[in-house]
Amino acid sequence: MNNTGSLHLIDKLSAAFKSGYTAADANAFGLGKVQSSVIESGRRRMDWERPYEYYFFERLAELLCLRDGVWNVDRRSQLSAACRSEYIDRLASAISAGEMGDYDAGVMRHTLDINEYLYNKAAVDEPEMWFAHLENIEQQKRYEQQVLADEIAIIRRDAVTVDARTLTSVMKRVATHLELEFSSSSGPQRLVLSSSFANGGRIEMVIEDILNLRKRGQLIPYYEMTVPLENDVYKAVLLYNNALPGGRWYGWKNMCWDSIILGLLAFCSVLQHARTVSNRNGAL
């Protein structure tokens with residue numbers, strides 16, 4: 001995927017995700033900042049390194065080029081030079097040359113940001129710090145539920161039991177509240193919130209794993225993008241934790257409807273801003 005039209009599309013989709021994150025952060029959704037702060041505290045960066053959020057969206061653009069939602073060191077080597085991030089290339093080169101300490105890109109594999117790598121190992125390497133971090137995450141989620149209490153109440157109404165029927169009703173109300181589209185299908189159960197682009201393309205947020213939500217409070221959406229191009233149809237999948245900084249925590253430990261709705265609203269910021277970017281800058 002390296003023709004001009006495709007790369008232009010990737011730029012616009014990346015802008016939609018960035019805009020969604022920026023707007024979410026401005027509207028009380030702060031888990032991305034909480035996570036990034038801990039990641040940045042893990043080690044002092046070299047002068048030329050960029051903050052984690054910059055790396056996150058550079059990797060997101062590569063994921064959009066890969067299309068299937070899977071990113072690792074081996075897979076990115078398959079990308080054309082036009083699709084690879086120059087910044088991530090520099091990280092890879094510095095790690096391979098030993099300029100950043102005793103780190104092995106092959107061992108890191110799923111990230112080339114050393115601070116993120118240390119963060120992902122912290123639960124084992126620094127359990128006390130990690131447990132304190134989890135407490136901060138839960139506290140931040142409770143705070144956000146309080147800030148957005150009126151909005152959440154409009155959507156929650158009388159929802160009590162976490163099951164497919166109630167989730168369907170809640171997602172329909174989210175769609176109405178945010179002016180999105182809702183659809184569903186069965187076999188397996190598939191609940192979809194979506195937004196349309198100016199040229200007929202679509203971005204969908206899909207939830208299929210309702211059992212995990214009911215039993216463990218895990219909200220696990222993924223995004224599907226379909227955009228017609230001149231001689232092709234672009235299709236891509238992106239998992240929730242790769243769509244927004246802090247996304248993993250909006251999917252984590254949602255044991256009540258207020259928390260579930262908070263996560264849905266955070267994840268839907270992408271759908272809202274994909275539409276905004278499309279309408280503002282022309283058809284995707």
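## Aromatic pairs

Searching the whole structure, which is a predicted model, yields 13 aromatic pairs, where rings of Phe, Tyr and Trp (its six-membered ring) pair if their centres lie within 6.5 Å, and planes under 30 degrees apart count as stacked, over 60 as edge-to-face and the rest as tilted. One of them joins Y119 and W130, an edge-to-face pair with 5.1 Å from centre to centre and 65° between the planes. This pair links distant parts of the chain, 11 residues apart, with Y119 in helix α7 (residues 114-125) and W130 in helix α8 (residues 127-147); helices are DSSP runs of H or I with at least four residues, numbered from the N terminus.

Y119 is buried, at a relative accessible area of 3%, and W130 is likewise buried, at 9%, where buried means under 20% relative accessible area (1.4 Å probe, protein chains only). Another pair is formed by W249 and W252, whose ring centres are 5.2 Å apart and whose planes stand at 85°, so this pair is edge-to-face; W249 and W252 are both buried.

## Ring cluster

Y21, Y52, Y55, F56 and F57 are linked into a cluster by ring pairs.

## Charges over rings

The charged end of R50 sits over the ring of Y54, at 3.9 Å from its centre, a charge being over a ring if NZ of Lys or CZ of Arg is within 6 Å of the ring centre and within 35 degrees of the ring normal. R59 lies over the face of W71, 5.9 Å from the ring centre.

## Basis of the values

Local features need pLDDT of at least 70 and side-chain atom pairs count only at pLDDT 80 or more, whereas totals for chains, interfaces and linings use all residues. Residues are numbered from 1 along each chain as its sequence is written, and side-chain values use heavy atoms, with hydrogens and water left out.

How values were computed. Helix = DSSP H or I, 4+ residues; strand = E, 2+ residues; numbered from the N terminus. Buried < 20%, exposed > 50% of the residue type's maximum accessible area, 1.4 Å probe, protein only.
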